[in-house]
Amino acid sequence: MAENAHWIDVSVQSVIDIAQGIKSYEFVPLLEGNTLPPYSVGSHIDVYISDKIIRQYSLCDPSTNGDSYRIAVKCDVNGRGGSLALHETVFPGKTLKISKPRNNFPLNTEAQEYVLIAGGIGITPILSMAYKLHQLGKKFSLTIAARSEKMLAFASTLASSPFADRITYFFDNESTDERFSADAVVGKWFEGKELYMCGPSGFMSSIVSAARENSWPDTFIHSETFVSRNLGQLENLPFEVKIASSGKVFQVAADEFLIDVLNRNHCGVPCSCTQGICGSCITPVASGEIEHRDAILTDTERAAGDQMCVCVGRAKGGRIVLDI
Ligand code: FES
């Protein structure tokens, strides 16, 4: 891998089994005396596992003093290989490269009341948010849906947290009359109330629908998913891409990704997750009709039509001009 200012060398301080199939990893600066950049809650880092595997994980340690970062990783044996590689090859003492934190899921600390919802491993960014809101003395509720208590990351941290009495759990394996109801969890919207959620995309879609039915404006519904959406599920049209600075034009075939064409032609666009979930490839667009397929840009940003995630986004045919 080429040296890049983007990467920070860290040492793995600890690896702990925190739930069935979930490990937490604590990273400290490789060089003694160094500190890690501060981050705001909702941030994630890229973890460089190999040339072909770079993955994004939310920072989930409630303390943000720069001594260490903590992530939690659920092993997905049927996934793309990142979580399995981490589980099988990363142990205390190993050196890794990570990126500086980026935040695509920032918490607005000015609201009056918050609804926090986590599905499964989606607890990772939500845990930091809960600690932050508690610290600020804000009113909030935290609802967690998971397969079972054994499969919930940070179950003991949550149980002993100072906000334990504000948490409602829904476990699939428990026979109880009370079932998860998105409608009841989000409640009616009022001025000053905001919703933050993280979990599988289907889980979050049902919550968004319930929130809209309860008069929630989209601006106050914030989410982060860890599964990309729309990739390869829609009709792909061929199109042209023009680079504004050089005037060069390249063809993107229906079965090609825009990012592959840009890379092949050395256009120098940064790219990390290739799944539309990290935001590192967001590129300004001067003209053209964009087919957005990422999980990062907001509806307002999409409507503006002046930027796109080039790893998964396309043009709706014709020509798109990238302002690079
Ligand atoms: S590379 Fe992560 S969003 Fe495009």
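**View A. The buried cysteine C281 and its neighbour in sulfur distance, C309.** C281 is buried in this predicted model, with a relative accessible area of 3%. C309 is likewise buried, its relative accessible area being 1%. The cysteine sulfur closest to that of C309 belongs to C281, yet the two atoms lie 4.4 Å apart, which is too far for a bond, because a disulfide calls for cysteine sulfur atoms within 2.5 Å. In keeping with this, zero disulfides are found when the whole structure is searched.

**View B. The largest nonpolar core.** This core holds 33 residues, and the members that touch the most others are L116, I123, I126, L142, L158 and F163. At least two of its residues are supplied by each of β7 (113-119), α2 (123-135), β8 (139-146), α3 (155-159), β9 (167-171) and β10 (193-199). Of these elements, α2 provides the largest share, with seven residues. Because residues come both from domain 1 (7-99) and from domain 2 (113-225), the core lies between the two domains.

**View C. The surroundings of F163.** When residues up to four places away in sequence are not counted, F163 touches L127, A130, Y131 and H134, and also F140, L142 and L158. Two of these contacts, L142 and L158, are named together with F163 among the residues that touch the most other members of the largest nonpolar core.

**View D. Another nonpolar core.** Apart from the largest core lies another one, which is made up of 22 residues, including F239, I243, C311 and A315.

Note on methods. Residues numbered from 1 in each chain as written. Predicted model: local features only at pLDDT ≥ 70, side-chain atom pairs only at ≥ 80, totals over all residues. Heavy atoms only, no water. Core = buried A, V, L, I, M, F, W, Y, C linked by side-chain atoms within 4.5 Å. Buried < 20%, exposed > 50% of the residue type's maximum accessible area, 1.4 Å probe, protein only. Helix = DSSP H or I, 4+ residues; strand = E, 2+ residues; numbered from the N terminus. Domains from an automatic or database assignment. Contact = heavy atoms within 4.5 Å.
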